[in-house]
Amino acid sequence: MVFQKYQTARSSFAQEIADLAGRPECVEQLMQENVIYILKGLLTDVSLSIQQNAAIAVGKLASHSAEIAELLDKEDVLRTLVYVNIERPNRYLKRASLNSLRSIVKHNAALARSVVEMGGLELILGCMEEFDAAVKEAAAFVLGYIARQDLTLALAVVGSGCVPLLVLCLQEPEVNVRVVSTSALADIAKHSEDTAQSVIDAGAIPHLVRATSNLDTRLKRQALYALAAIAKHSLYMAETVMEAEIFPLVLEHAGHTDEYIRKAACSLVKEIVKHSPELAQMVVEAGGLGVLVNSVIKNKGENRLPAILALGFIAGHTPALGLSVIYSKGVDALSMALEEEFQTHVGAAAAWALGHIGRHSVEHAKTITSEGLLQRILDLYMSKGSTEEMKDKAKQALKMILLRTDDLESIQPMLDVAPMKILKYIIAQYSKILPNNPAARRAFVSSGGLRKVQELIASDATAEDALLREHVMLINACFPPDIINYFSPDYPQTLLDRVEQFKPTLNIDPGLWTDRLFSDTKIPSEIKEEILALQKAMQLEETQAAATPADNANNGAKRGSNPVDKKK
């Protein structure tokens with residue numbers, strides 16, 4: 001009787017702890033009561049139900065935060081979870097322990113590595129061979145969380161021999177097992193070509209392609225992501241996926257009513273078309289451009305990104321594929337994405353894709369410039385909210401488009417606002433076009449572009465960049481020297497200095513202000529006599545002033561020749 005009460009009390013206590021651990025508001029109080037030490041003891045209890053409840057409580061606590069999960073590792077609770085299942089195999093205990101391990105390893109690579117080092121993969125490998133579908137599902141979950149952390153852990157999962165067992169799970173009748181196993185294969189394949197090759201060697205591709213036709217949206221989405229994780233590594237792997245006859249089924253999924261399935265399908269298309277022009281051409285011929293454009297228009301936010309990148313990869317391969325994107329209204333869709341997702345990495349990806357469209361020729365670039373998109377890309381580059389990665393993509397797009405454009409009117413407004421890192425590409429394009437285009441030279445002068453170039457010279461902006469200085473000198477050589485001087489910033493001051501330094505030489509007629517001034521006016525006789533008298537007086541004064549120096553000189557000479565004066 002006493003032992004039954006003790007058993008019942010322990011069981012009730014373990015169950016209550018498991019319930020409380022699932023409530024966020026109770027976690028802090030439980031930690032203050034040293035619940036981890038208590039749970040470690042309950043994990044080694046003789047009762048399976050108590051062990052199970054303790055494992056459930058550990059999982060709930062670990063999922064609350066990484067700090068608690070690290071504390072569980074420090075207190076050797078992880079090791080206890082692993083060895084209890086090895087010593088006392090029970091499917092319910094295994095399921096609870098695997099769920100706890102999943103809650104722990106999902107936080108970071110260090111915790112996942114701790115599970116691997118203490119032999120957790122052997123336990124998981126044994127659970128993958130269980131008949132219970134729930135145990136297989138929980139084991140596949142843990143494998144996926146371990147493999148997704150980094151390449152080293154993914155290789156550890158591959159080395160443990162779990163990949164063939166995951167492929168076998170793709171053939172299970174339970175949908176949940178297939179969904180989780182497909183996700184785990186995607187997490188393994190995404191890291192490197194070697195891990196992806198291990199998935200291919202296990203024969204996973206045919207099963208993944210078949211899973212894309214399943215009615216379950218989760219399985220369909222995870223299968224598309226797994227195929228994308230395989231195809232992204234090399235041309236050979238992309239061709240291997242193509243040979244599995246994934247087209248045109250994947251394009252149908254790219255037009256699916258579920259936005260997340262559209263995103264997954266576009267991700268697969270993106271990983272295929274980036275490798276070669278031939279694969280991109282196959283997608284175009286299969287009608288993929290229209291589907292990708294519609295996905296950019298219909299999807300919102302992050303879900304637009306794969307379709308945007310796919311359009312950029314296709315357009316970047318050849319001029320013909322770039323024109324195909326233009327004719328499919330791809331520029332309009334990318335312009336919409338740039339406007340709606342401005343100051344996000346999705347908007348930066350749209351700018352990058354536009355750059356790949358405009359990089360090929362003048363006609364390609366004109367499609368971009370005619371829509372006024374250069375200024376929007378420049379705004380993205382100059383925005384304070386843009387990260388360095390976003391600025392790099394915007395700069396790359398501006399550079400590719402500017403080097404091909406001949407529409408100087410579209411880049412004229414950028415002269416006044418573009419920073420120096422972008423301005424040098426604008427100046428370079430002017431220096432290429434102006435020497436052979438008189439009309440462009442006239443427009444360049446009338447619009448103030450030549451004045452801006454002279455301001456660059458005056459501000460010593462060209463002193464630090466020899467290439468920019470060379471382009472500026474080439475532009476100046478396209479105009480006469482007097483025009484260059486006229487638009488120099490110091491030209492007005494130069495003119496004022498010349499005005500001050502000029503000394504006029506004039507032969508003035510006094511009648512200019514008298515007789516000739518009043519030649520058409522009848523002057524009264526008395527006033528006329530006064531004017532004549534005044535003129536005579538002025539002439540007399542002038543005569544006397546001129547005679548005075550001469551008389552003085554003559555008097556001095558006479559005094560010098562008087563002999564009487566000499567005797568005296």
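## A tour of the salt bridges and a helix pair

Start by selecting Arg113 and Asp150, whose side chains form a salt bridge with N and O 2.8 Å apart. Arg113 belongs to helix 8 (residues 109-117), while Asp150 sits in the loop between helix 10 (133-147) and helix 11 (151-159), so this pair ties together parts that are 37 residues apart in sequence. Colour Arg113 by accessibility: its relative accessibility is 30%, so Arg113 counts as partly exposed. Keep in mind throughout that this is a predicted model.

**Second stop: Arg148 and Asp187**

Stay in the loop between helix 10 and helix 11 and select Arg148, then add Asp187 in helix 13 (residues 175-189). These two residues are 39 apart, and the pair links distant parts of the chain. Arg148 and Asp187 form a salt bridge, with 3.0 Å between the closest N and O atoms. Is each partner buried or exposed? Arg148 is partly exposed, at a relative accessible area of 34%. Asp187 has a relative accessible area of 9%; buried means under 20%, so Asp187 is buried.

**Third stop: Gly161 and Leu125**

Move along to the loop between helix 11 and helix 12 (162-169), where Gly161 lies. With 31% relative accessibility, Gly161 counts as partly exposed. Now select Leu125 as well and draw a line between the two C-alpha atoms: the distance is 7.7 Å, although Gly161 and Leu125 are 36 residues apart in sequence.

**Fourth stop: helix 22 and helix 25**

Show helix 22 (residues 305-317) together with helix 25 (residues 345-358). How do their axes cross? The axes come within 8 Å and cross at roughly 15 degrees. Angles under 35 degrees count as roughly parallel, so helix 22 and helix 25 are roughly parallel to each other. Their crossing is left-handed.

To see the contact itself, select these residues:

- from helix 22: Leu305, Ile308, Leu309, Gly312, Phe313, Ala315 and Gly316
- from helix 25: His345, Val346, Ala349, Ala350, Trp352, Ala353, His356 and Ile357

Colour this selection by residue type. The contact of helix 22 with helix 25 divides into 11 nonpolar residues, 4 polar and no charged.

**Fifth stop: Arg376 and Glu339**

Next, select Arg376 in helix 27 (residues 373-382) and Glu339 in helix 24 (residues 330-340). Their side chains meet in a salt bridge, 3.2 Å from N to O. This pair, too, links distant parts of the chain, with the two positions 37 residues apart in numbering. Arg376 is partly exposed at 23% relative accessibility. Glu339 is also partly exposed, at 46%. Then select Lys300, Arg304, Glu340 and Glu341, which are joined into one network by salt bridges that share partners.

**Last stop: the whole protein**

Zoom out and show the complete structure as a cartoon. How many helices and strands are there? The protein has 37 helices and 0 strands. Salt bridges number 17 in the structure, and the pairs visited above, including Arg113 with Asp150, are among them. Of the 568 residues, 46% are buried. Finally, consider the contacts between residues at least 6 apart in sequence: 70% of these join residues at least 24 apart.

Methods:
Residues numbered from 1 in each chain as written. Predicted model: local features only at pLDDT ≥ 70, side-chain atom pairs only at ≥ 80, totals over all residues. Heavy atoms only, no water. Axes fitted to C-alpha atoms, helices over the stretch in contact; angles between N-to-C directions. Helix = DSSP H or I, 4+ residues; strand = E, 2+ residues; numbered from the N terminus. Parallel < 35°, antiparallel > 145°, perpendicular 65-115°, else oblique. Left-handed = near helix turned anticlockwise from the far one by under 90°. Contact = heavy atoms within 4.5 Å. Nonpolar A, V, L, I, M, F, W, Y, C, P; charged D, E, K, R; others polar. Salt bridge = Lys/Arg side-chain N within 4 Å of Asp/Glu carboxyl O. Buried < 20%, exposed > 50% of the residue type's maximum accessible area, 1.4 Å probe, protein only.
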